[in-house]
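Trainee: I have a model open on my screen and would like to learn how to read it. Could you walk me through it?

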Amino acid sequence: MTRNVTETAALTDRWVAVTRACAQINQAAERVLAERHGLCASAFEIMDVMARADDWIRAGELSSRASRSQPQVSRLVAQMVGAGYVERKPCSSDRRGFDVRLTASGRELFSQSVVTMETVLSEVAESSAEVRDVMGLTADR
């Protein structure tokens with residue numbers, strides 16, 4: 001299938017809009033999550049994956065479910081274990097790996113940070129037509 005320049009430019013324009021909207025959201029999220037919860041957006045995303053798993057999950061699976069590299073996930077999990085938000089144990093099926101899950105305090109922190117993220121997303125969407133468009137929201141939301 002061959003696309004003409006106009007179609008290609010339209011796709012490029014859409015990609016640029018998505019990239020800009022994501023940057024706006026991530027900048028706001030990084031600032032507010034750090035201020036209110038001591039988290040970065042990457043840690044929030046990893047906690048989200050663990051919260052959705054609802055029990056033990058392979059540490060290696062976190063990077064495939066989150067949009068983060070294996071070394072970044074390993075570093076953040078180690079920090080969260082040290083902070084008491086995550087627990088880990090050797091994987092029963094593969095002694096080279098680890099299973100992880102949120103602790104009670106990790107679940108509480110994540111619950112609080114979800115409320116914060118909802119506020120951040122609403123505020124960013126309210127102030128940016130580009131974000132509203134990418135998120136599929138209407139201006140009167």
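**Reading the model together**

Mentor: Let's start with one residue: Ala59 is buried, with a relative accessible area of 17%. Buried means under 20% relative accessible area, exposed over 50%, and partly exposed in between (1.4 Å probe, protein chains only). Before going on, keep in mind that this is a predicted model, in which local features need pLDDT of at least 70, side-chain atom pairs count only at pLDDT 80 or more, and totals for chains, interfaces and linings use all residues. Residues are numbered from 1 along each chain as its sequence is written, and side-chain values use heavy atoms, with hydrogens and water left out.

Trainee: Where does Ala59 sit, and which residues is Ala59 in contact with?

Mentor: Helices (H or I, at least four residues) and strands (E, at least two) are DSSP runs, numbered from the N terminus. Ala59 belongs to helix α3, residues 59-65. Contact means heavy atoms within 4.5 Å. Setting aside neighbours within four places in sequence, Ala59 is in contact with Gln70, Val73, Phe98, Asp99 and Val100. Between Ala59 and Val115 there are 26 Å from C-alpha to C-alpha, and the two are 56 residues apart in sequence.

Trainee: What about Leu62: buried or exposed?

Mentor: Leu62, also found in helix α3, counts as buried because its relative accessibility is 0%. Its contacts, leaving aside neighbours within four places in sequence, are Ile46, Val49, Met50, Ile57, Val73, Val77 and Val100. The C-alpha atoms of Leu62 and Val49 are separated by 6.8 Å, with their positions 13 residues apart along the chain.

Trainee: How do I read a sheet, and in what order do the strands come here?

Mentor: Two strands pair if DSSP finds at least two bridges between them. Here three strands form an open sheet in the order β1-β3-β2, with antiparallel pairing. The edge strands are β1 (57-58) and β2 (86-90), each pairing on one side only. Two bridges join β1 to β3 (residues 98-102), and Ile57 stands opposite Val100 in β3. On the other pairing, β2 and β3 are antiparallel over five bridges, and Arg88 has Val100 in β3 as its bridge partner.

Trainee: Which residues have the most contacts inside the largest nonpolar core?

Mentor: In soluble globular proteins, nonpolar side chains tend to be buried together. A nonpolar core is a set of buried Ala, Val, Leu, Ile, Met, Phe, Trp, Tyr and Cys residues joined through side-chain atoms within 4.5 Å. The largest one here has 23 residues, and Ile46, Met50, Leu62, Met80 and Val100 have the most contacts inside it. The elements giving two or more residues to this core are α1 (5-37), α2, α3, α4 (70-83), β3 and α5. Its largest share, six residues, comes from α2. Apart from this core lies another, of eight residues, among them Ala21, Val120, Ala125 and Val131.

Trainee: What does Met50 touch?

Mentor: Not counting residues up to four places away in sequence, Met50 touches Ile57, Leu62, Met80, Val86, Val100, Arg101, Leu102 and Arg107.

Trainee: How do α2 and α5 cross?

Mentor: Axes are lines fitted to C-alpha atoms, for helices over the stretch in contact, and angles run from 0 to 180 degrees between N-to-C directions. The axes of α2 (residues 41-53) and α5 (residues 104-127) come within 10 Å and cross at roughly 115°. From α2, Phe44, Met47, Asp48, Met50 and Ala51 meet Gly106, Arg107, Leu109, Phe110, Ser113, Val114 and Met117 in α5. Ser113 counts as buried because its relative accessibility is 0%. Outside its neighbours within four places in sequence, Ser113 is in contact with Leu33, His37, Leu39 and Phe44.

Trainee: Which sign does phi have at Asp54?

Mentor: Most residues other than glycine have a negative phi, and most peptide bonds are trans. Asp54 has a positive phi of about 65° although it is not a glycine. Asp54 is placed in the loop between α2 and β1, and is exposed, with a relative accessible area of 57%.
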